[in-house]
Amino acid sequence: MVWAPLGPPRTDCLTLLHTPSKDSPKMSLEWLVAWSWSLDGLRDCIATGIQSVRDCDTTAVITVACLLVLFVWYCYHVGREQPRPYVSVNSLMQAADANGLQNGYVYCQSPECVRCTHNEGLNQKLYHNLQEYAKRYSWSGMGRIHKGIREQGRYLNSRPSIQKPEVFFLPDLPTTPYFSRDAQKHDVEVLERNFQTILCEFETLYKAFSNCSLPQGWKMNSTPSGEWFTFYLVNQGVCVPRNCRKCPRTYRLLGSLRTCIGNNVFGNACISVLSPGTVITEHYGPTNIRIRCHLGLKTPNGCELVVGGEPQCWAEGRCLLFDDSFLHAAFHEGSAEDGPRVVFMVDLWHPNVAAAERQALDFIFAPGR
């Protein structure tokens with residue numbers, strides 16, 4: 001904005017301060033005079049603005065001031081109560097190095113972990129987490145979760161023995177032991193397209209096995225007969241960095257899955273190996289909010305999965321989807337010459353769990369919460 005001089009040009013001053021023969025001094029002096037008049041105009045504008053504020057209604061000024069104070073307080077409160085960050089699998093991989101690792105396998109470090117603890121205070125803890133989430137976000141869409149937590153004891157105790165999740169049951173979800181491939185079509189197709197990639201990385205890992213020791217990163221699970229090994233990339237929502245670095249392409253593949261559970265304690269991704277003669281006895285999974293996906297890597301004859309009393313066989317390069325909150329067991333009754341049964345296991349969201357519910361469940365069952 002340029003302020004024009006309000007009075008006649010002061011040529012007498014210019015005549016005294018410069019000589020007409022030199023253009024440069026003349027221009028600079030004229031500019032200084034114009035600038036002095038501009039400052040006078042600016043001063044008049046500021047004075048007018050101050051007078052306008054003085055003439056303004058006192059109630060309006062107080063109202064504006066109160067709104068400004070409330071806005072500042074709100075910004076401070078939101079910043080101070082910043083919600084727990086929900087990190088991706090990539091971020092968890094970097095942070096998990098600080099967690100307790102034993103043989104490359106992540107073990108739960110919290111005595112209050114909702115995934116591992118069964119006590120009377122569990123429901124109160126879950127309800128507290130739900131209230132905290134709703135306070136920060138919204139109660140909208142939380143009806144089923146609220147109902148499930150409020151009546152969790154009744155649900156778990158009254159469920160038929162064929163389906164009894166050990167930790168959390170979300171009501172009103174369609175229940176079936178097995179799901180069709182179309183339930184999570186995109187992720188199934190991604191996994192099957194990358195079958196050879198996952199298989200190659202497993203074969204590289206498996207070369208480290210010997211008769212005298214368990215290779216680093218592998219976990220031996222308890223079974224009544226045979227041997228069951230698992231190699232976790234994600235265990236209960238927490239990445240195992242050392243293992244992920246040994247399977248970089250398989251690890252990166254997890255990021256391209258749309259429904260992979262990676263931010264709560266019900267999410268896992270691992271390579272599961274059953275040696276011939278192994279029996280995994282009947283057991284229940286922790287929740288019905290997920291689908292367990294098995295991509296067959298090596299599936300010799302004599303291997304079988306039984307879920308809810310229904311037997312199924314794995315196939316190499318194909319995904320098998322099931323609800324592990326149903327009573328289930330696995331067998332490898334083949335001979336030693338057949339070699340191990342190997343699957344790549346990933347936990348996916350149940351297709352009928354809404355997006356708002358997934359976000360809330362990630363908050364309620366966040367690792368270490």
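**Close-up views of the predicted model**

**View 1. Helix 8 and its surroundings.** In helix 8 (residues 185–193), Asp-187, Val-188, Val-190, Leu-191 and Glu-192 are buried (under 20% relative accessible area, with exposed over 50% and partly exposed in between; 1.4 Å probe, protein chains only). Helices and strands are DSSP runs (H or I, at least four residues; E, at least two), numbered from the N terminus. The cover over these buried residues includes helix 9, helix 11 (248–254), strand 9 (290–298), strand 12 (319–322) and strand 14 (341–349). This is a predicted model, in which local features need pLDDT of at least 70 and side-chain atom pairs pLDDT 80 or more, whereas totals for chains, interfaces and linings use all residues. Residues are numbered from 1 along each chain, and side-chain values use heavy atoms, without hydrogens and water.

**View 2. The buried side of helix 9.** Phe-195, Ile-198, Leu-199, Glu-201, Phe-202 and Leu-205 of helix 9 are buried. They lie on the same side of helix 9, because they cover an arc of only 165 degrees around the axis (taken from the directions from the helix axis to the C-beta atoms).

**View 3. Phe-344 in the largest nonpolar core.** Among the 36 residues of this core, those touching the most other members are Leu-191, Phe-202, Trp-218, Leu-254, Ile-271, Leu-297 and Phe-344. A nonpolar core joins buried Ala, Val, Leu, Ile, Met, Phe, Trp, Tyr and Cys residues through side-chain atoms within 4.5 Å. Helix 9 gives the largest share, 5 residues. Contacts of Phe-344 (heavy atoms within 4.5 Å), not counting residues up to four places away in sequence, include Leu-191, Ile-198, Cys-293 and Leu-297.
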